[in-house]
Amino acid sequence: MIEEFEVSENSATSFDIKKFLFRALSYWKWFLLLLAVGIFLVYQKNIREEFSYRLGTKISIEDDSNPLFTSNASLTFNWGGVTAKVQTMIVTLKSRSHHEKVVDRLEFYKSYLKQGRFRKQDIYKASPFRFDQTYDAPQLINNPIKITFLDAHSFELEAEFSSNVATAQNYLTKALINVDVPVGIFKKSFKFGDPIEFPFLKGVLRLAENRTAVSGDQYFIQFSNFDGVVSSYQGRTGIANTNNSPILDISLIDKNTEKIVDYLNTMVTILSEDQLERKNQYATNAIVFIDEQISRVKNDLSNNAEALNDYRKKNKIYSLDEESTLLNEKLTKLDADKEDINRQLNYYSNLKNYLLTSSSFTEIPAPSIAGIGDANILNNVAKINELSVQKSKLQYSVRSETSVFNDLNRQIEGLKNVLLENINAATNGLKRELQTINANLSSVENQFSKLPEDQQKLITIERQYTLSEQTYNVFLAKRGEAEIIKASNVSDILIIDSAKNTGATILGRNLNVRYIFAFFAALLIPLLFAFVLTFLDNNIHSPMDLEQLSSIPVLGVIGKNKLDNNLVVHRKPKSAVAEAFRAIRSNLQYYYRSQDLEGAKTLLVTSSVSGEGKTFCSINVATVFALSGKKTILVGLDLRKPKIFGDFGIQNEIGVVNYLIGQETLKGVIQHTDIDFLDVITSGPIPPNPSELLINDKLNAMISQLKADYDYIILDTPPVGLVADALELLGYVDATLYVIRQDYTKKGMLNFINEKYKTKQIKNISLIYNGYDQKAKYGYGYGYGYGYGYGYGNYANGYHEEDAKYKGFLNRIALYLRLPLSKKG
């Protein structure tokens with residue numbers, strides 16, 4: 001039978017939406033409690049929130065050409081137009097190398113902190129002191145060092161170490177090293193300006209300008225990992241370029257607006273400096289090349305001047321005759337032309353060797369310094385220089401195997417091949433010119449050989465001197481030209497709006513939204529809890545549930561017993577529970593009359609399992625019949641677990657068991673109670689064979705004798721769901737009451753009795769709904785007509801006896817809120 005119960009207990013259960021809603025509504029106190037807790041937690045989180053801000057700067061990428069550039073002063077190169085510049089600038093601003101320069105210049109790896117209400121706050125320039133660290137010495141990172149002002153001239157330095165090794169960083173080499181430190185709290189006092197020299201910290205702490213030290217003020221210095229700081233700023237920097245315009249909007253997010261301003265402005269400053277340096281690179285390379293040539297020619301010029309002066313003094317020849325002068329002029333001009341061609345050939349030779357042996361072409365001198373005016377050579381050298389600069393910048397932010405690098409390499413390789421062809425063509429043309437000049441030189445030198453020997457010697461020396469002088473003057477002019485161009489260059493970065501600490505955008509979520517989330521969380525938790533309980537709930541919670549689960553008629557609804565024993569009808573005859581039992585009595589009497597039953601009536605009270613109120617109902621049904629003046633006897637046939645004796649204050653030493661085994665007479669086991677017309681036969685000692693005793697013929701004789709002596713016989717039997725004893729007794733009774741307890745009886749427990757009722761194995765059975773609580777967590781305030789006072793609220797006032805503890809306004813509120821009751825009132 002128990003196995004049958006357990007199987008049927010998991011019978012199909014449909015989800016009751018109405019029950020779920022009422023159960024959820026019953027948790028309103030939990031909702032208010034969770035809402036209060038949620039609001040408190042959100043408030044605490046909100047007041048601890050540290051806001052981030054966004055500021056920006058706006059720059060324009062211009063194409064400012066030097067107004068001093070002429071067709072003969074080609075000491076710059078084309079960067080490829082504004083579009084190429086903009087893309088280059090965007091890549092540069094996003095590159096790690098650029099942010100490293102900014103962080104290094106601003107020393108943003110070093111923070112000045114002050115303890116706030118909830119956290120250490122970065123006070124940046126508001127700090128009254130500055131720490132000038134020794135850059136090539138390791139500084140402790142990720143561990144705040146406390147600075148406490150002792151007086152206007154001294155301070156105390158304090159650091160806490162959990163182990164004897166700490167991590168420090170050399171901000172010159174950026175190397176991380178481990179240093180030995182004392183375990184525990186380290187303290188030492190210093191004067192402002194005194195050198196601080198420890199393995200983990202080295203530098204000088206000075207008061208900031210126009211600031212004074214206030215005794216007792218505490219601050220912190222904290223160094224951070226350089227690479228980590230760079231990555232942080234790199235990730236928080238945004239670059240926007242709308243519709244490929246030359247305008248760039250640079251923004252930064254940080255918790256300190258002054259840091260944002262300094263970082264953005266320094267970013268632009270360093271970008272402008274780097275761009276101008278790259279723009280001057282061509283002229284710089286040219287100046288270096290010219291300086292090398294000037295140094296060489298200067299020595300030749302000095303030697304030739306000294307030789308010319310020595311010859312004149314020695315031979316007393318200070319001037320040439322007319323013919324010698326003419327020849328000297330021709331030779332000088334031809335020598336100059338020859339030197340110019342040789343200089344161009346030498347440049348082409350060096351350029352060709354450079355192109356064939358070098359992988360970077362950013363250091364090519366300007367062709368114009370060698371007197372080269374070939375437009376193809378000039379343009380191609382400028383283009384290959386430009387592409388090489390772009391490639392060198394991209395290597396810090398773009399992987400070398402990407403398509404951008406591959407495209408640049410293809411362009412550079414193509415230009416290099418074109419340049420080599422241009423060099424070969426130009427070299428061949430120059431060699432032909434050189435042959436012509438050499439021929440003319442030979443002709444003039446033949447005429448020259450006819451002059452007197454002293455005149456020839458003087459002209460030769462003067463030719464060498466004049467040639468050196470002309471070459472020297474050309475290089476000086478070119479160098480001056482390069483210096484002028486370099487000095488007159490301006491950056492292509494035009495600052496439209498510099499970063500300023502005004503109008504900062506506050507970032508982060510709307511903190512008030514968190515209160516909405518707290519509200520829904522407080523609402524969702526009870527709803528979810530109610531849903532789970534409803535879904536998993538298999539108990540019967542209302543008379544409606546009972547009607548839906550069984551076709552057996554419900555005879556009555558009994559409220560909760562709030563007394564300390566089961567004699568509620570006797571002790572509280574005007575209570576709603578007593579009225580409910582009177583209603584059951586009326587229904588039973590109507591049933592007996594409808595069945596034309598005469599004489600004594602028998603009633604069996606049972607349930608599914610123990611604890612459903614079977615004995616409670618038996619006692620009070622018997623009591624309500626006795627109160628009507630009918631002789632009633634309550635027989636305890638639950639031989640395994642006897643209970644009824646305790647409530648009446650009688651003993652269980654003798655009872656049914658003693659009668660059935662022949663130890664006592666029927667009269668000897670009947671015990672009288674304090675209730676008129678009510679007698680009790682207890683079950684007596686627990687026997688080893690209760691089932692066999694209940695099928696004994698003596699039970700039949702006992703029932704027959706009791707019918708002769710009493711008007712009503714109430715049998716309190718064992719639960720049918722646990723043992724078969726009650727089924728054996730059904731043949732002795734006129735009616736059966738099956739007790740169901742609210743919030744206790746499982747739905748599946750009804751399957752057994754329903755099956756017996758359906759197959760007509762059990763007849764004349766009715767259900768009793770026990771423990772009804774109108775304010776339970778399911779909200780079913782049904783009256784149904786089964787009993788008096790349920791579901792009528794205040795309309796029952798004056799008809800039912802009410803406990804004193806439920807009187808009074810405060811206690812009614814306490815009862816409603818399920819709070820402890822006041823003893824007053």
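In this predicted model, Leu113 stands opposite Asp122, a residue of strand S3, and this pairing is a convenient place to enter the structure. Strand S3 covers residues 120-122 and is joined to strand S2, residues 110-115, by 3 bridges, the two strands running antiparallel. Between them lie 4 residues, and S2 and S3 together form a hairpin. S2 also pairs with strand S13, residues 218-223, again in the antiparallel sense, here through 4 bridges; within that pairing, Tyr112 stands opposite Ile221 of S13.

From these strands the reader can turn to helix H5, residues 96-106, whose axis comes within 9 Å of the axis of helix H6, residues 226-235, and crosses it at roughly 115°. H5 and H6 are therefore roughly perpendicular to each other, and the crossing in which H5 passes H6 is right-handed. On the H5 side the contact is made by Arg96, His99, Glu100, Val103 and Asp104, while H6 contributes Phe226, Asp227, Val229, Val230, Ser231, Tyr233 and Gln234. Sorted by class, the residues of this contact comprise 5 nonpolar, 3 polar and 4 charged.

H5 has a further helix contact, with helix H7, residues 257-279: the two axes come within 9 Å and cross at roughly 120°. H5 and H7 are therefore oblique to each other, and H5 passes H7 in a right-handed crossing. The residues of H5 that take part are His98, His99, Lys101, Val102, Val103, Arg105 and Leu106, and they meet Asp262, Tyr263, Thr266, Met267, Thr269, Ile270, Leu271, Glu273 and Asp274 of H7. This contact divides into 7 nonpolar, 4 polar and 5 charged residues. His99 and Val103 are listed in the contact of H5 with H6 and also in the contact of H5 with H7.

A sheet comes next. Three strands, in the order S5-S8-S9, form an open sheet with antiparallel pairing. Strand S5 (138-140) and strand S9 (175-180) stand at its edges, and each has a single partner strand, so one side of each is left without a neighbour in the sheet. Neighbouring strands of this sheet are turned against each other by 45° on average, direction ignored. S5 pairs with strand S8, residues 165-170, over 3 bridges, and in S8 the bridge partner of Gln139 is Gln169.

The aromatic side chains offer another view, for the structure holds 30 aromatic pairs. One of them joins Phe155 and Phe192 in a tilted arrangement, 5.2 Å centre to centre and with 35° between the planes. This pair links distant parts of the chain, 37 residues apart, since Phe155 belongs to strand S7 (residues 154-161) and Phe192 to the loop between strand S10 (184-191) and strand S11 (195-198).

Further along the chain, an open sheet of 8 strands follows the order S18-S25-S24-S19-S23-S20-S22-S21, with mixed pairing. Its edge strands, each pairing on one side only, are strand S18 (554-559) and strand S21 (671-672). At the S21 edge, S21 and strand S22, residues 678-681, pair in the antiparallel sense over 2 bridges, with Asp679 in S22 as the bridge partner of His672. Helix H16, residues 576-594, packs on this sheet, where it touches S18, strand S19 (601-607), strand S23 (712-716), strand S24 (735-741) and strand S25 (765-772), and its direction makes about 165° with that of S18.

Definitions and conventions. Residues numbered from 1 in each chain as written. Predicted model: local features only at pLDDT ≥ 70, side-chain atom pairs only at ≥ 80, totals over all residues. Heavy atoms only, no water. Axes fitted to C-alpha atoms, helices over the stretch in contact; angles between N-to-C directions. Parallel < 35°, antiparallel > 145°, perpendicular 65-115°, else oblique. Left-handed = near helix turned anticlockwise from the far one by under 90°. Contact = heavy atoms within 4.5 Å. Nonpolar A, V, L, I, M, F, W, Y, C, P; charged D, E, K, R; others polar. Pairing = 2+ DSSP bridges. Phe/Tyr/Trp six-rings, centres within 6.5 Å; stacked < 30°, edge-to-face > 60°.
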